[in-house]
Structure formats: structure tokens, C-alpha cells
Amino acid sequence: MKKTFLFAALLSSQFCWAQSGSIYHEGWIDFNKNGKKDLFEDPKQPVEKRVQQLLSLMSLEEKTCQTATLYGYGRVLKDELPTPEWKNKIWKDGIANIDEHLNGLAYHPKSSTAYSYPFSKHAAAINQVQKWFIEETRLGIPVDFTNEGIHGLNHDRATPLPSPIAIGSTWNKSLVYQAGAIAGREAKALGYTNVYAPILDPARDPRWGRVVECYGENPFHIAELGKQMVLGIQDQGVAATLKHYAVYSVPKGGRDGDARTDPHVAPREMYQLYLYPFMKVIKEAAPMGVMSSYNDWDGVPITGSHFFLTELLRQKFGFNGYVVSDSEAVEYIFSKHHVVPDYKGAVKQAIEAGLDVRTNFTAPDDYILPLRELVKEGHVSMKTLDERVVSVLRVKFRLGLFDQPYVRDPKAADKIVHTQKEEEFAMEINRQAMVLLKNTGNLLPLDKNKLKNVLVTGPLATEENYATSRYGPSNNPVTSVFEGIKKYLKGHASVTYEKGCDVVDANWPESEIIASPLTAEEQAGIEKAVSMAKLADVVIAVVGEDEKRVGESLSRTGLGLPGRQLQLLQALHATGKPVIMVAINGQPLTINWENRYLPAILEAWFPGPQSGKVIAETLFGDHNPGGKLSVTFPKSVGQIEYNFPFKPASQAGQPSSGPNGYGKTSVNGALYPFGYGLSYTQFEYSNLTLDKDAIYVGADIHVSVDITNTGKLTGDEVVQLYVKDFVSSVTTYDFDLRGFERIRLKPGEKQTVNFVLKPDDLALLDKNMNWMVEPGKFKVMIGSSSEDIRLEKTFNVIN
């Protein structure tokens, strides 16, 4: 069947056409309204030719309008739909993108709109906004509609996924691809053309509030999952924009908020840890967007750095999309970093560095007008401006916005977004994110047929706010942990609830450094929980952090359970009843007492709205937890940084003998190491095989290993491959992750897991900062965590 683009017929039923559809023709649109098919309007022409021809037609005003973001309704844009006043706004000459328009978020009441839901109504509204830009601006350049999407599309009632740190704990590449595909498919159905995801920042300091938004701490793990997220999104015809480039996730002392500068990262570490995920994902998945961060590195603001935005990103990594700034990143060049005397100087530095689109929660005029002045004054060349505009236009052409700028079938959105199938997927990714940290005596899974009375307690037991945190869907119904357990045990056991304590006390966070006695009210709350615990067969304590305690600008100075939660757990434990701890949190916690004295601990991270059902299924054995930690849990903040990978002996203990005597001054070792997670069943590793004992530089080596479920329950295992380089010209990490696969095995079932180590997996940065594979001896290590290595074999790399 011949494909045509009958846009007038498509939309005439929804809108009153100002031009009676006269610019819409079979197979092309007359964007500049001159009555003929220009080269840039011809879908059969190469993208680069179309870009250059359109650029040649653009005025200074039109070019500069393609360098800024217009934040959507409730942020900057005051109107839900176009009004006659738009003809007097700066975007009368177009705009690069409109961000978060009409997405209707619960956390931001000012963005409440009647156009976010039903989904078809939003798609039609976006079409109407797009229609204005195509029909009412001189050249009709379509808008790129952007939106966040790190744990599901950031839209009213879209499919909700767990937090990124939970997604990272699945270690499931195919699942992450599906998550990206859902976000991309829903974005496209709703009219969004660009999704700000994934976050590729390594979470190396657990105090940092945005750990909850990262996949983990290891660059290889992050890159593998990030690659799948990008492919999933972009396979739906929507752009993916990587965040936050670069060296963003280690502010000094883990402090976020007002202190957004000064990462202490050496050059080699920067490349190996912080740039590696961006480099790998750009080369292997070709994302169309990158977001530049607002921090500096070694005294140079990233958003004002030609080295980062042009030399590295474009020339070395091969990025071919457009760079959008994080909010206020351009302003910070002047207001925080003070490397220019005024804001106009910041605009000049950013655009010359390689920034394509400025974003902030202020009007786009703030950037566009000084940029126009700089060009007119000769302080920014037209050549530089053209290069930036070309990057934006190229993405718009690649997205097909000049061929099909509208949502083809707005009504279809109601059947595409957050369907029952997507809801079931969200449940499954929530399940696979569960990490079992402790299970003494196989207390878990609980047998619902052997319980009469269950107490659910703790400040997170009935909390719901963690399920609708920033950068993801809002307004979905939430099942709390208490409700989930109560429904699960209906007809089997009596389930009671007592809060016990709040998430924090009145003096928190000062109470972390200056202890104070329990108030009468706090004592009474704990005593109520204790009295009910004495009547219960088992106590399920849901503790941790809510969304006001971890997230953007919410970094912590301590990592223990906030407030009186530890006192609650200690009082419950003293009853002698088995206490199962369910942790709802967004970052590693120093739960040392809890790990020593409580018999079972389940890490749930920040799960999605189905949290109560998923956690109940996991505690009672309908689901066997198989997630693994993607971040190291330290025992104390005094150990930080303490993570994986690490340089030889940098995380070692202390000498017990020798000339330096005995070392008994510090607590050593991880509470839970990278890659750690238990199961209700057991797995045996055997038959590690390498296809060669020696390979030439530049060759692949194939690795296989057999995994057998030797337990009594079906379960998932994450098989982890690590590589150690014995001798290198520069100090490398002791060993590092270079492969992982999540598999599901029935009792007694055996599966062979295959890996391919490529040259890049053996490469290091040599003394001249070039990636290369050096000849020498290497070791393959296969295990269930970074500290649970089951099998090893060596091979040689030769010239």
C-alpha cells in the first residue's frame, strides 16, 4: 500500500485549519509556504542537504530561536494552547524545543492541566501547538517536544517504573530495553519526540542525593544498561538524551543543592569512570541528545568547555546529535563559577564551546536576545551559530519532523499508553529489582498458612510519596506495603498496622550528630508498636527514606536510618519476635546493627506504585528475589569513597603484623559488596571454559560457564564476569566488571552462559592517555558478586 502524508485529512476533524490544509500535499509539506517543493521539504533528499538548504533560508532571528528551550505550561509557558499573543512572543520565529508541555505532574501543581489526560487529548493538544509553529511561523520549522523519562515517561498516568537505582539492581539488559521501548512508544503516542534518559552518572558517593536516579556505581554496568535504554527509546522513533555530561555525580563531599561545583576527580579517573559510559553508549547506540551539566571540572565549567562539548564529545566520541544544557548551566558560568564578568559572557562561552540549546526555568528571550547581540557585534561568528543550528535541525530531520510532524492518530494514544500489558511489565521490573540482603535460617519466604497474626510497622509502611517522585509518571494509584500485605494475607492471617515512629524526628538531621532523648510522643509510638509486636507471629518493619529525604538537592551527611527508626527496630527486636526489615530507600545505608541482629532484610529501593503487591509477593515466596546490588554498601561514611572498581589495595584492611605493627583503628570491608544479592535457592558454578589460552592484541575471546540451580525453587541468578590485568604500564583497577547475564533456572536446571570479551574490555589508558590493549597475562573471574568469585582462568594476550 502506498504511504502518503495526508496531514490535512488527518487533522481537519480536530482543528479549524487557517489555510484549509493548503500547505499539506501528498508526500510533502510546504513549510515555508512558497507554493513549491523546496529541497528541504523533499523526504527523498539526504538529511544533510535538507539541513543546509533550510539553513540558507533562515534569518538571524530564526537561527537564534533554534538555540533555546521553551519550558512548557506551568513553568515558563503561560498558555496551554496557542493564543493570538504568540505572534508577539520571541517564538514567533520558531523554537528549538518545548519541554514538559502539558504533562500534568502531581509534584508541580502549577502544571495541572485538562490536556494531560485522557492521553488522546494530550496528543491532540500537542498537534495543535505543533500546527501553530508549522503554519504561523515563516519557515514552519517543527518543534522538538521533550520530556523526562528516567523511570517511565514523566507524564500524568504514564507507565510507572521503579527508580533508576532499582532498575540498575535488575542487571537485566533485555528488561531495560523493554523499559526504554515503553517510554519511547508512550512518548511518541503522546506527541513527545525526545526523552531525557538515561542518566549515565556513576553514583560513587552514596551521600549524594541523586544516587536514587542512577543505575549504579560501575561504569561498565551503567553503560550496558544505558545502551539498552537508548536503543529501546530510539527504536520507537524518539530521541534519547543522555544525562548529565560530565563528571556531575561527585560534588565535593557528596554535597548537592547550593554546592554544585568542584568534583575531585583526576584525569585518568575521569576517563575510566565518568566518561566511559558516555563514550560507550554514544559509540554503540548513537543517542540523538546529550545534556551538559552545570558543574566544573578542574576549574572549567562543563557547559562552557570546548574540550568537553566539542573535542571529546563530537570529535572523539562521534556524537552527532544536539547538546542541551541542564537548567541554569549557562547562567552558572557567570553566577556560580565566575569565569566571565556577566551573563552575556556566559552565553558567548557556552555557544563557542559547543552548546546547541540553552535550557532554564526562565523565558528563552534571556538567552536568545544576548546571543543576537553577540552575533551583530561580531563577538560570536555566524559560522559558530550555524554549526549549532545545524545540530538541532539535523535531529529534527532524523526524527522525521519534516515528514510527519504530527501525532498520526491521537485517539490511538488511549490504547497505547499504560495498558494492562505495560502494567504487568512494570510489576515484573519491580520484582526483579528486589535484593535480598539477609535471610538467616531461611526465615523467608514466609508461609502464609502458618501465620495467624502479622504486624506491619514502620514509617514507610503506609507511605506512598516515593512512588511518584520527580522525573517519572504521576497520579497513578499506589498500593502501600501495608495494603499489599493485608490484601495478600486476606483469609489467611490477621494483619495489623502501627506506625511506630515518623521517618525523621523533629531535630533531624542535627540529631545525627547531637543525640537527644525520645520525646514522650515518640516513646509512646514505639511502645504501641512493641505491644502489638508481642501479639504477632512475625513483624514486618518497613523503614528507610521517603522522597523528601533523598533526591535532587537532598544529599545527606549520614547514611543511617533517619530519625528514630533504629530505636524502633531495636525495641521490636527486644520482644524476641522475628523482625523482617523491608528497606525503602534511594541510596546505600549504613545498616550495621540491622544486619547483625535482624534475621532478614529485603532491599526494595524506591519501587513503583505497585510496591505493596510486589513486596508481599517477595516476602511470601510467590516471587524469588534475584536482584543484585549495583552500589556498594559501606559500613560507615568514614570509609567513603568505598566502591567498585578500586585500585589495588586502596580498599584493603590493615596490617596485622610486620614492621608497621597492628592495625586496629578502623572498621574495614563493605557491609554488602557490589554485585551482592541472595536468593531463596542456590546456584552451582562449573565448567568455566575459554576458547583460547592466548589471543593476539585486537582479538576476541569467548568465555562460557555452566550454572545449575541446586535448590528447591525456581530462581534468578546474575552471572558476573570480571577481568584482572596482572601487569600494566599504568596502575589499573584491581579487577573490573566486563560482562553479566541474568538467567532464570528451575530446580535442577542447568544453563550454559556465554560471554565474548572484546578488545575494548581489555583496554587501559596508557601513559599518553590513549586506550590500548597491552600484551600480558589476564584472568577471567566468574562469580555471584564482586566478592563471591566461584571460578577463575587465565589467558595471555600476545603481539
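Which strands does helix α16 lie across? Helix α16 (residues 481-488) lies across β13, β14, β15 (538-544) and β16 (579-584). Keep in mind as you look around that this is a predicted model.

**The six-stranded sheet**

Let's stay with the strands under that helix. They belong to an open sheet of six strands, and if you walk across the sheet you meet them in the order β12-β17-β16-β15-β13-β14. The pairing here is mixed. At the edges stand β12 (435-439) and β14, and each has a single partner strand, so one side of each is left without a neighbour in the sheet. Neighbouring strands are turned by 20° against each other on average, if you ignore direction.

Now zoom in on one pair. Strand β13 (residues 453-457) and β14 run parallel, and five bridges join them. One spot to look for is N453, which stands opposite S494 in β14. As background, strands of a sheet pair through backbone hydrogen bonds, and they can do so either parallel or antiparallel.

Back to the helices: α16 runs at about 165° to β14. Another helix, α18 (residues 565-573), lies across β13, β15 and β16. Its direction makes an angle of about 170° with β15.

**Where this sits in the chain**

The domain assignment splits the chain into domain 1 (19-49), domain 2 (58-73 + 83-415), domain 3 (435-625) and domain 4 (681-797). Notice that domain 2 is written as two stretches, 58-73 and 83-415. How far apart are the C-alpha centres of domain 1 and domain 3? They lie 59 Å apart.

**The three-stranded sheet**

Further along the chain there is an open sheet of three strands, in the order β18-β20-β23. This one has antiparallel pairing. Its edge strands are β18 (683-690) and β23 (750-757), each of which pairs on one side only. On average, neighbouring strands in this sheet are turned by 20° against each other, direction ignored.

Six bridges join β18 to β20 (residues 701-709), and the two run antiparallel. To find one of the partnerships, start at Y685: its bridge partner in β20 is I707.

The UniProt record, an unreviewed entry, places a feature called "domain: Fibronectin type III-like" at residues 717-786. In the model, the end C-alpha atoms of that span lie 14 Å apart. The span is 6% helix and 59% strand.

**Two helices that cross**

Next, find helix α6 (residues 173-190) and helix α7 (residues 219-234). Their axes come within 7 Å and cross at roughly 35°, and the crossing is right-handed. On the α6 side, the contact is made by K173, V176, Y177, A179, G180, A181 and G184. On the α7 side, it is made by E224, L225, Q228, M229, L231, G232 and I233. Sorted by class, that gives eight nonpolar, four polar and two charged residues.

**Some backbone spots to check**

Most residues other than glycine have a negative phi, and most peptide bonds are trans. With that in mind, have a look at these places:

| Place | Backbone feature | Value |
|---|---|---|
| K243 to H244 | cis peptide bond | omega near -20° |
| W508 to P509 | cis peptide bond | omega near 10° |
| E328 | positive phi, not glycine | phi near 75° |

Where do you find them? H244 has its place in strand β7 (residues 239-245). P509 lies in the loop between β14 (494-498) and α17 (520-533), and β14 is the edge strand you met in the six-stranded sheet. E328 lies in the loop between β11 (322-325) and α10 (329-335).

Key
Residues are numbered from 1 along each chain as its sequence is written. This is a predicted model: local features need pLDDT of at least 70, side-chain atom pairs count only at pLDDT 80 or more; totals for chains, interfaces and linings use all residues. Side-chain values use heavy atoms; hydrogens and water are left out. Domain bounds come from an automatic or database domain assignment. UniProt positions are given in the numbering used here, feature names are shortened, and annotations may be inferred rather than shown by experiment. Helices (H or I, at least four residues) and strands (E, at least two) are DSSP runs, numbered from the N terminus. Two strands pair if DSSP finds at least two bridges between them. Axes are lines fitted to C-alpha atoms, for helices over the stretch in contact, and angles run from 0 to 180 degrees between N-to-C directions. A crossing is left-handed if the near helix is turned anticlockwise from the far one by less than a right angle, and right-handed if clockwise. Contact means heavy atoms within 4.5 Å. Ala, Val, Leu, Ile, Met, Phe, Trp, Tyr, Cys and Pro count as nonpolar, Asp, Glu, Lys and Arg as charged, and the others, Gly among them, as polar.
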